[in-house]
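Here is a short report on core packing and two helices. The sequence and the model come first.

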Amino acid sequence: MFVRKIGIDLGTENTLFYIPKKGVVVNEPSVVAVSIEDNRVLAVGNDAKEMLGKTPDTIVASRPLKDGVIADYNVTQAMLSYFINKAGGKFRIFRPEVMVSVPAGITSTERRAVIEATLQAGAKAAYIAKEPVLAAIGAGIPINSPVGNMIIDIGGGTSEVAIISLGG
């Protein structure tokens, strides 16, 4: 499989990976289980979610994102790496270009953390776009037309209301 482009909705509750012409290929909880003893990732996604609240003291299952932004950089990077490998298949030849959706109100430091974590996870290039704009595009709204549109993006960690008008 030659996956060259991936779209990621990095959410507080769930992470989705979209590949052009294939659709959504990953839709799993944003949860990672890590061994405290050797700092090793034990489970990601659905498997890690099943461990929430049921782990021994030597394992921590947590959500590395809070309010739509990275709260634990290393765990987020490990989660992204796992999902990129899952989306790209076992025999990935090319590193993908990745577009990640982020809340409209995040800081430049938070944006940089998303880009860096995505690159460290195996992306050739990482770009970010604001969630309300991507929600409008996904809903088929012509964002470049001189018409006003209200977008409400309701997520597990954040909800945003945006007015897209007059060419964005």
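## Contacts of Ile6

In this predicted model, Ile6 touches Phe17, Tyr18 and Ile19, leaving aside neighbours within four places in sequence. Ala87, Pro96, Glu97, Val98 and Met99 are also in contact with Ile6.

## Nonpolar cores

Ile6 belongs to the largest nonpolar core, which has 26 residues. Ile6, Ile8, Leu10, Phe17, Met79 and Leu80 have the most contacts inside this core. Two or more residues come from each of E1, strand E2 (14-19), strand E4 (32-35), strand E8 (69-70), helix H2 (73-88), E9 and helix H3 (108-120). H2 gives the most, with 6 residues.

Another core lies apart from this one and has 6 residues. Val31, Ala48, Ile59 and Ala61 are among them.

## Helix H3

H3 has 13 residues. From first C-alpha to last it reaches 18 Å, close to the 18 Å expected at 1.5 Å a residue. Val114, Ile115, Ala117 and Thr118 are buried in H3. Seen down the axis, the buried residues of H3 fall within an arc of 165 degrees, so they line one face of the helix.

Those buried residues pack against E8, H2, E9 and E10. The face turned away from the buried side carries exposed Thr109 and Gln120. Just after H3, Gly122 takes a positive phi of about 125 degrees.

## Helix H4

In helix H4 (residues 131-138), the buried residues are Glu131, Pro132 and Ala136. Down the axis of H4 they fall within an arc of 140 degrees, so they line one face. Their cover includes strand E1 (5-10), strand E9 (97-102), strand E10 (125-130), strand E11 (149-154) and strand E12 (159-164). Gly140, just after H4, has a positive phi of about 80 degrees.

Notes:
Residues are numbered from 1 along each chain as its sequence is written. This is a predicted model: local features need pLDDT of at least 70, side-chain atom pairs count only at pLDDT 80 or more; totals for chains, interfaces and linings use all residues. Side-chain values use heavy atoms; hydrogens and water are left out. Buried means under 20% relative accessible area, exposed over 50%, partly exposed in between (1.4 Å probe, protein chains only). Helices (H or I, at least four residues) and strands (E, at least two) are DSSP runs, numbered from the N terminus. The arc is that of the directions from the helix axis to the C-beta atoms. Contact means heavy atoms within 4.5 Å. A nonpolar core is a set of buried Ala, Val, Leu, Ile, Met, Phe, Trp, Tyr and Cys residues joined through side-chain atoms within 4.5 Å. The expected span of a helix is 1.5 Å times one less than its number of residues.
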